Amino acid sequence: MTAKPTDPHIGLVVEGAGDRGALPVLLRMHLASAADFRDILGKPVPAHGREKAIAEGGLEGYVVTAGLRPGCVGVLVVLDGEGDCVAELGPNLLSRAAEVIGKPVRIALADVDFESWIYASAESLQLDLTYSEGVNGQGAIKGALKPQKYVKPTWQPRLASRIDLALARERSASLARVLDRFDELLSLLPQS
């Protein structure tokens, strides 16, 4: 379930269809670990690809779409880093997003991609995988699924639900950052 647009919530901007299903799963697991079962996630706004998301005017439009919903208290943007220096790209995107909306915005870039966060908990995915630092997570997941095809909108949320979040957070600094930034926005919501 997502929050009603008029209820207090955190707006979400994601890269694509896989993230649209997987990010709420991940954030709800994080909330549940703190015994918080509120319905406080807005319906994710997909950017339909990283290039459209980071294009001039692209990010700004997606952030406004999520942020102007009446109950939105802040917007979390989650994109793949895909090899770019996330320490440079993140602040650049944040500066652009902050100019278009008067609400807090947090940018979180997965290093390298969302699948890297999933792979950081390889042992819990029920794919007979063992985590090894430096391995391409998406490649390892695709290899483990063969002969089945890795279809992001299907597999990304499914595998996200199998993450051992504490373990993955310990192994992935970028996953820890997205959860920290989510917590910053969480503090803006009224307590119930």
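How many nonpolar, polar and charged residues are in the lining of the largest pocket? By class, that lining has 6 nonpolar, 7 polar and 5 charged residues. The model discussed here is predicted.

## The pockets

Start with the largest pocket. Its volume is about 290 Å³. It is lined by 18 residues. Those closest to its centre are Asp111, Val112, Ser116, Tyr131 and Ser172. Two elements, α5 and α9, give two or more residues to this lining. The largest share comes from α9, with 3 residues.

Now the second largest pocket. Its volume is about 160 Å³. Its lining consists of Val86, Ala87, Gly90, Pro91, Leu94, Arg106, Ile107, Leu109, Arg177 and Arg181. Three elements each supply at least two of these residues: α4 (86-98), β4 (105-110) and α9. Here α4 gives the most, with 5 residues.

The table sets out the two pockets.

| Pocket | Volume | Lining by class | Element with the largest share |
|---|---|---|---|
| Largest pocket | about 290 Å³ | 6 nonpolar, 7 polar, 5 charged residues | α9, 3 residues |
| Second largest pocket | about 160 Å³ | 6 nonpolar, 1 polar, 3 charged residues | α4, 5 residues |

## Helix α1

Helix α1 covers residues 17-33, which makes 17 residues. From first C-alpha to last, α1 reaches 25 Å. That is close to the 24 Å expected at 1.5 Å a residue.

Which residues of α1 are buried? They are Gly18, Asp19, Ala22, Leu23, Pro24, Leu26, Leu27, His30 and Leu31. Look at the spacing with this in mind: an α-helix has 3.6 residues a turn, so residues three or four places apart point the same way. The cover over the buried residues of α1 includes two strands, β1 (9-14) and β3 (72-80). It also includes the helices α5 (114-119), α7 (152-160), α8 (165-171) and α9 (173-186). After α1 comes alanine 35, with a positive phi near 55 degrees.

## The nonpolar cores

The largest nonpolar core has 41 residues. Within it, Ile10, Leu76, Ile141 and Phe182 have the most contacts. Helix α9 provides the largest share of this core, 6 residues. A second, separate core has 21 residues, among them Ala47, Ala66, Leu79 and Ile107. Ile107 also lines the second largest pocket.

Take isoleucine 141 from the largest core. Beyond its neighbours within four places in sequence, isoleucine 141 is in contact with Glu115, Ile118, Tyr119, Leu127, Leu129, Tyr150 and Leu159.

## Two buried residues

One of those partners deserves its own look. Glutamate 115 sits in helix α5. Why does glutamate 115 count as buried? It counts as buried because its relative accessibility is 0%, and the cut-off for buried is under 20%. Not counting residues up to four places away in sequence, glutamate 115 touches Gly137, Gln138, Ile141, Tyr150, Lys152 and Gln156.

Valine 13 belongs to strand β1. Valine 13 has 1% relative accessibility, so it counts as buried too. Outside its neighbours within four places in sequence, its contacts are Val45, Tyr62, Val63, Ala66, Val75, Leu76, Val77 and Val78. Two of these names have come up already: Leu76 in the largest core and Ala66 in the second.

How far apart in sequence and in space are valine 13 and proline 46? In sequence, they are 33 residues apart. In space, they are 6.0 Å apart, C-alpha to C-alpha.

Note on methods
Residues numbered from 1 in each chain as written. Predicted model: local features only at pLDDT ≥ 70, side-chain atom pairs only at ≥ 80, totals over all residues. Heavy atoms only, no water. Helix = DSSP H or I, 4+ residues; strand = E, 2+ residues; numbered from the N terminus. Expected span 1.5 Å × (residues − 1). Buried < 20%, exposed > 50% of the residue type's maximum accessible area, 1.4 Å probe, protein only. Contact = heavy atoms within 4.5 Å. Core = buried A, V, L, I, M, F, W, Y, C linked by side-chain atoms within 4.5 Å. 1 Å grid on protein atoms, 1.4 Å probe; cavity = no way out; pocket = protein on both sides within 12 Å on 5 of 7 lines; lining within 4 Å. Points joined across faces, edges and corners; volume = space filled by probe spheres on them. Nonpolar A, V, L, I, M, F, W, Y, C, P; charged D, E, K, R; others polar.
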